[in-house]
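Dear colleague,

Please find below the structure that I am handing over to you. My notes on it follow directly after.

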Amino acid sequence: MRALVLNGPNLGRLGRRQPEIYGRTTHAELAARCVEWGAALGLEVEVRQTNHEGDLLDWLNAAADDATPVVLNAAAWTHYSYALWDACAQLTAPLVEVHISDPTQRPEVFRHTSVVTPHAAQVIAGHGVDGYRLALQALAEHVRSGPGG
Ligand code: DQA
């Protein structure tokens with residue numbers, strides 16, 4: 001079973017970006033781990049990252065058409081993109097939302113809202129990059145448990 005891990009803006013700078021919050025693992029290292037974690041779960045994982053919102057919307061639209069399960073860290077778009085809300089609403093296979101930090105526990109109030117959560121089978125937040133392993137595990141379970149997860 002194919003699965004996508006989609007990462008939004010500034011996550012390409014993992015390892016260099018505010019390491020005290022996001023850690024020292026680079027995006028390339030994270031991507032390699034996701035592929036390994038996925039393989040162990042029987043998932044053929046493809047990891048993508050973009051700083052361009054339209055790319056993410058196109059990927060989600062294609063995932064809806066193909067019924068591809070998705071792990072999504074939409075980064076800052078999580079908090080305000082209604083286009084992202086709409087793209088997530090039409091997904092046809094399970095969606096798991098992941099964040100490296102726990103946005104709900106951070107001081108900036110704008111981080112306390114998520115347009116993704118209403119459409120997610122599960123939210124994994126605050127576990128660092130290991131959260132992606134937990135998210136893939138959750139995704140695999142939701143896929144196995146049936147339509148819509
Ligand atoms: C993030 C949390 C968001 O609030 C932030 O804008 C990010 C990363 C996380 O993974 O912790 O860019 O999604």
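Ala75 lies in the loop that joins β3 to α4. The model is a predicted one, and in it the phi angle of Ala75 is near 50 degrees, which is a positive value in a residue other than glycine. Ala75 has a relative accessibility of 10% and therefore counts as buried, since the cut-off for that class is under 20%.

A second alanine may be read alongside this one. Ala67 sits in the loop between α3 and β3, and its phi is near 55 degrees, again positive in a residue that is not glycine. Is Ala67 buried, exposed or partly exposed? Its relative accessibility is 39%, so Ala67 is classed as partly exposed.

Next, the helix that follows the loop of Ala75. In helix α4, residues 82-89, the buried residues are Leu84, Ala87 and Cys88. These three lie on the same side of α4, because the arc they cover around the axis is only 95 degrees. In general, an α-helix has 3.6 residues a turn, so residues three or four places apart point the same way. Tyr82 and Asp86, on the other side of α4, are exposed. The elements that cover the buried residues of α4 include α3 (53-66), β3 (70-73) and β4 (95-99).

The packing of α3 on α4 can be described further. Their axes come within 9 Å and cross at roughly 10 degrees. The two helices are therefore roughly parallel to each other, and the crossing in which α3 passes α4 is left-handed. On the α3 side, the contact is made by Glu53, Leu56, Leu57, Leu60 and Asn61; on the α4 side, by Ala83, Leu84, Ala87 and Cys88. Sorted by class, this contact of α3 with α4 holds seven nonpolar residues, one polar and one charged. Leu84, Ala87 and Cys88 are thus named both among the contact residues and as the buried residues of α4.

Another helix pair is formed by α2 (residues 27-40) and α5 (residues 130-144), which pack at an angle of about 30 degrees with their axes 10 Å apart. That angle makes α2 roughly parallel to α5. Which hand does the crossing of α2 and α5 have? The crossing is right-handed. Leu30, Cys34, Trp37 and Gly38 of α2 meet Asp130, Tyr132, Arg133 and Leu136 of α5. By class, the contact of α2 with α5 has five nonpolar residues, one polar and two charged.

Two loop positions remain. Gly23 is placed in the loop between α1 (19-22) and α2, and at 24% relative accessibility Gly23 counts as partly exposed. Leaving aside residues up to four places away in sequence, Gly23 touches Gly15 and Gln18. Gly23 and Gly128 are 105 residues apart along the chain, while their C-alpha atoms are separated by 7.1 Å.

Gln105 belongs to the loop between β4 and β5 (122-125). With a relative accessible area of 63%, Gln105 is exposed, because that class begins over 50%. From C-alpha to C-alpha, Gln105 and Gly126 are 8.8 Å apart in space, with their positions 21 residues apart in sequence counted as separation.

With kind regards

Note on methods: Residues numbered from 1 in each chain as written. Predicted model: local features only at pLDDT ≥ 70, side-chain atom pairs only at ≥ 80, totals over all residues. Heavy atoms only, no water. Axes fitted to C-alpha atoms, helices over the stretch in contact; angles between N-to-C directions. Helix = DSSP H or I, 4+ residues; strand = E, 2+ residues; numbered from the N terminus. Parallel < 35°, antiparallel > 145°, perpendicular 65-115°, else oblique. Left-handed = near helix turned anticlockwise from the far one by under 90°. Contact = heavy atoms within 4.5 Å. Nonpolar A, V, L, I, M, F, W, Y, C, P; charged D, E, K, R; others polar. Buried < 20%, exposed > 50% of the residue type's maximum accessible area, 1.4 Å probe, protein only. Arc of directions from axis to C-beta.
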